[in-house]
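Biologist: I should like to learn how to read a model of this kind, feature by feature. Could we take the features in turn?

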Amino acid sequence: MIQAFIFDLDGVLTDTAEYHFLAWKQLATQLGIEFSRADNELLKGVDRMGSLELILQLGQKQLSVDEKLKLAEQKNTEYLKLVERMSPADLFPGVLPLFSSLKAAGVKTALASASKNAALVLQKLCIPALFDYVADSNLIKNGKPDPEIFLTCAQALGVAPERCIGVEDAPAGVTAIKAAGMYALGIGEPHALTQADLVIPAVSALDQPLLTKLLTL
Ligand code: G6P
Ligand code: MG
C-alpha cells in the first residue's frame, strides 16, 4: 500500500516552470545565446547554477565564477519579479481536492523542490500547511537526478521508499524518483518522461478512480 506522496513544486503544483523559462530566456538573449523551449526541458528540475552551466554550454561560453554568480543572481531577481505577483489563484486546478483526498486516505505528503525559492512560492500560494514535510533545498547536497531529496522526504515522513509515489514534471526529477526506489508519476508528455511509471497531463487528471488504483499499488 502507498503511504506517502512526494511532490515536486515547479510545473507540478503551479506554473513556475514557465517563470523559470522566461527568466532564463531573458538572460540567454542578453548573452546572445539561442535558447528554445526544447532546450529548457533539460533545465527542468536542475538547480540554479547547473541550469546556468547548461545555457552557457549551449552558447559555448566560458565565464569566471564571479560572472556566473552575478548572472545567476540576475536570473533570480527576474524570476522573483514574476513570483511576486503570484496568489492562490496560481495553484494548478485539482491540487486542493487531491490533497483533501490524500488526507482523507491517511496518506502523508511532502514537498521535494530543488528551488531555493520554494518556501516563498508555497507562501504565495497559501499552501505551506498542506505538507507533512518540506525538503529544504539548503539541506540537500546532491540535486536531482540524485535521489537524495526524495529519500530525505521519505525518511522524514517515516515511510519506506517503495511505499512512496513521487510526482515530477522533469526528466531529472523522474530519474531521481526511480533512483530512490519509488513509483514515479510523471506530469507532462510521455515521450519526455520515458522513465516514469505513468504519465498524466496534469495533476487534475489524478481523479478519485486513478488515485484509488495508485494507492493500492
Ligand atoms: C526547480 C526548477 C528548476 C530551477 C530549480 C532551482 O528544480 O524545476 O527549473 O532551476 O528549481 O530554482 P531556484 O528558485 O533555486 O533558482
Ligand atoms: Mg518541476
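Modeller: The discussion below treats the sheet, the cores, the cysteines and the metal site. Please bear in mind that this is a predicted model.

Biologist: In what order do the strands of the sheet lie?

Modeller: One reads a sheet through its strand pairings. Here six strands form an open sheet in the order E3-E2-E1-E4-E5-E6, with parallel pairing. Strand E3 (133-134) and strand E6 (198-200) are the edge strands, each pairing on one side only.

Biologist: How many bridges join strand E4 to strand E5?

Modeller: Four bridges link E4 (residues 164-168) with E5 (residues 183-187), and the two run parallel. Glu168, for instance, has Gly186 in E5 as its bridge partner. Helix H5 (residues 95-104) packs on the sheet, where it touches strand E1 (4-7) and strand E2 (108-111). The direction of H5 makes about 150 degrees with that of E1.

Biologist: Which residues touch the most other members of the largest nonpolar core?

Modeller: The general idea is that in soluble globular proteins, nonpolar side chains tend to be buried together. The largest nonpolar core has 38 residues, of which Phe5, Phe7, Leu13, Phe131 and Leu206 touch the most other members. Elements that each supply at least two residues of this core include E1, helix H1 (16-31), helix H4 (65-84), E4 and helix H9 (208-215). Leaving aside residues up to four places away in sequence, the contacts of Phe5 include Leu102, Ile165, Val167, Leu206 and Leu211. There is also a second, separate core of 22 residues, with Ile140, Ala154, Val159 and Cys164 among them.

Biologist: How many disulfides are there, and why is Cys153 not bonded to Cys164?

Modeller: A disulfide is assigned from the distance between two cysteine sulfur atoms, with a cut-off of 2.5 Å. By this rule the count is zero. The closest cysteine sulfur to that of Cys153 is in Cys164, and the separation of 8.6 Å is too far for a bond. As for solvent exposure, Cys153 is buried, with a relative accessible area of 0%, whereas Cys126 is exposed, at 56%.

Biologist: Which residues coordinate the magnesium ion (ligand 2)?

Modeller: A metal site is read from its donor atoms and their distances. The magnesium ion (ligand 2) is coordinated by Asp8 (OD), Asp10 (O) and Asp169 (OD), at 2.0 to 2.1 Å. Along the chain these donors follow the spacing D-x1-D-x158-D.

Biologist: Are Asp8 and Asp10 buried or exposed?

Modeller: Asp8 and Asp10 are both buried.

Technical notes. Residues numbered from 1 in each chain as written. Chains lettered and ligands numbered in written order. Predicted model: local features only at pLDDT ≥ 70, side-chain atom pairs only at ≥ 80, totals over all residues. Heavy atoms only, no water. Pairing = 2+ DSSP bridges. Contact = heavy atoms within 4.5 Å. Axes fitted to C-alpha atoms, helices over the stretch in contact; angles between N-to-C directions. Core = buried A, V, L, I, M, F, W, Y, C linked by side-chain atoms within 4.5 Å. Buried < 20%, exposed > 50% of the residue type's maximum accessible area, 1.4 Å probe, protein only. Donors = N, O, S within 2.8 Å, 3.2 Å for Na, K, Ca; no water.
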